[in-house]
Structure formats: C-alpha cells, structure tokens
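Here are my notes for your first look through this one. Keep the 3D view open and click along as you read.

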Amino acid sequence: MNMRKFLHFPILFIIFVIIMCSCSRSDTTPVYKAVTQVDIVTEYEGSLLHWHYDTPEKIQPVLLHLRLLKPTGKPVQIDDASSNMYLISISLSDGQQHFYRQASHKYLSKQNGPFKTIEPQQAAHLYRILQELPSDI
C-alpha cells in the first residue's frame with residue numbers, strides 16, 4: 001500500500017508540469033513588423049492637406065520613395081517656415097511609429113534628426129505619388 005502512494009506522486013508531478021507548461025504567456029513579440037498605415041501632412045496655400053494610406057497598394061509606393069532617398073553630406077539648417085514641408089508618419093504593427101520630414105524637395109530628416117541633402121528629382125516623386133493615389137479616408 002505504501003508503494004502505491006509513491007507511484008501517485010510522480011504521476012501527479014508530471015501532470016502538474018504539463019499544466020504549468022501549457023499556461024505560458026502568449027504575448028510574444030511578432031517575428032516581423034509590418035507597416036499598417038502611412039500619414040502624410042503638408043500645408044498648401046494656408047490649408048492643411050492630409051493623406052492617409054492603409055492599403056498595401058498605396059503604402060508601398062511611399063515606402064519605396066523613402067528607401068530611394070539617400071540623404072548625404074553634413075546636416076544642414078533650413079528655415080522651416082519658408083520650406084514646403086511634408087510630414088510623413090509610418091505606423092508599424094507593433095505600435096511603433098517612424099517620422100520623416102521632407103522639405104523643399106531638397107532635404108530629409110529622419111526621426112526628428114537633422115536635415116540632410118537629398119536628390120531633388122527623386123524627392124519630387126512624393127508629390128507625384130500624392131497626386132496619383134487618393135487618400136483612403
């Protein structure tokens with residue numbers, strides 16, 4: 001009879017371990033981050049213009065545009081008031097946001113960092129994207 005009590009203990013211990021392992025946390029971080037939306041704001045003739053993209057077909061051209069811009073040289077100081085400024089916000093699936101500022105089709109700032117020079121012809125593509133793709137809202 002005593003031996004039987006000892007056999008129950010290992011079986012109960014194994015069941016306990018299985019239950020505890022199955023109760024692990026399920027809020028693990030995702031393997032990858034996806035862009036969920038893009039917002040672009042600019043001021044034109046005293047009015048605020050806003051584009052909101054949340055479909056992949058519209059997000060992709062904006063992301064490609066940002067990837068193709070190659071800021072070069074030393075940081076430059078620009079006059080924010082006289083610049084044609086585009087504020088670009090990229091929202092990710094994990095809740096993070098990345099911010100870009102494109103000024104006068106000549107300068108780019110990432111994450112509120114300093115402005116650096118970019119190729120004006122490449123920078124002008126943003127204006128074309130905004131003309132061709134209507135906002136999703």
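1. Start with helix H2, and bear in mind that this is a predicted model. Its buried residues are Lys58, Ile59, Val62, Leu63, His65 and Leu66. Look down the axis of H2 and you'll find these buried residues within an arc of 155 degrees, so they line one face of the helix. If you wonder how that works, an α-helix has 3.6 residues a turn, so residues three or four places apart point the same way.

2. Now flip to the other side of H2. The face turned away from the buried side carries the exposed residues Pro56, Glu57, Gln60 and Arg67. As for its dimensions, H2 has 13 residues and spans 18 Å from first C-alpha to last, close to the 18 Å expected at 1.5 Å a residue.

3. What covers the buried residues of H2? The cover includes strands E1, E2, E4 and E5 (97-103), along with helices H3 (120-123) and H4.

4. Helix H4 is worth a look in its own right. Leu126, Ile129 and Leu130 are its buried residues. They take up an arc of only 95 degrees around the axis, which puts them on the same side of H4. Turned away from that buried side is a face with the exposed residues Gln131 and Glu132. The buried residues of H4 pack against E1, E2, H2, E4, E5 and H3.

5. Next, the largest nonpolar core, which has 21 residues. Which of them touch the most other members? They are Val38, Ile40, Tyr53, Val62, Ile88 and Ile90. Strands E1 (35-44), E2 (47-53) and E4 (85-92) each supply at least two residues of this core, and so do helices H2 (56-68) and H4 (125-132).

6. Pick Val38 to see what one of those core residues meets. Leaving out neighbours within four places in sequence, Val38 is in contact with Trp51, His52, Tyr53, Ile59, Val62, Ile88, Ser89 and Ile90. You've already met Ile59 and Val62 among the buried residues of H2.

7. Ser89 is on that contact list too, so give it a moment. Is Ser89 buried or exposed? Its relative accessible area is 11%, and because buried means under 20%, Ser89 counts as buried. Ser89 lies in strand E4, and its side chain makes a polar contact of 3.3 Å with the side chain of Gln97. Not counting residues up to four places away in sequence, Ser89 touches Gln37, Val38, Asp39, Gln97, His98 and Phe99.

Technical notes
Residues numbered from 1 in each chain as written. Predicted model: local features only at pLDDT ≥ 70, side-chain atom pairs only at ≥ 80, totals over all residues. Heavy atoms only, no water. Core = buried A, V, L, I, M, F, W, Y, C linked by side-chain atoms within 4.5 Å. Buried < 20%, exposed > 50% of the residue type's maximum accessible area, 1.4 Å probe, protein only. Helix = DSSP H or I, 4+ residues; strand = E, 2+ residues; numbered from the N terminus. Contact = heavy atoms within 4.5 Å. Polar contact = N/O pair within 3.5 Å; in protein donor to acceptor, adjacent residues only side chain to side chain. Expected span 1.5 Å × (residues − 1). Arc of directions from axis to C-beta.
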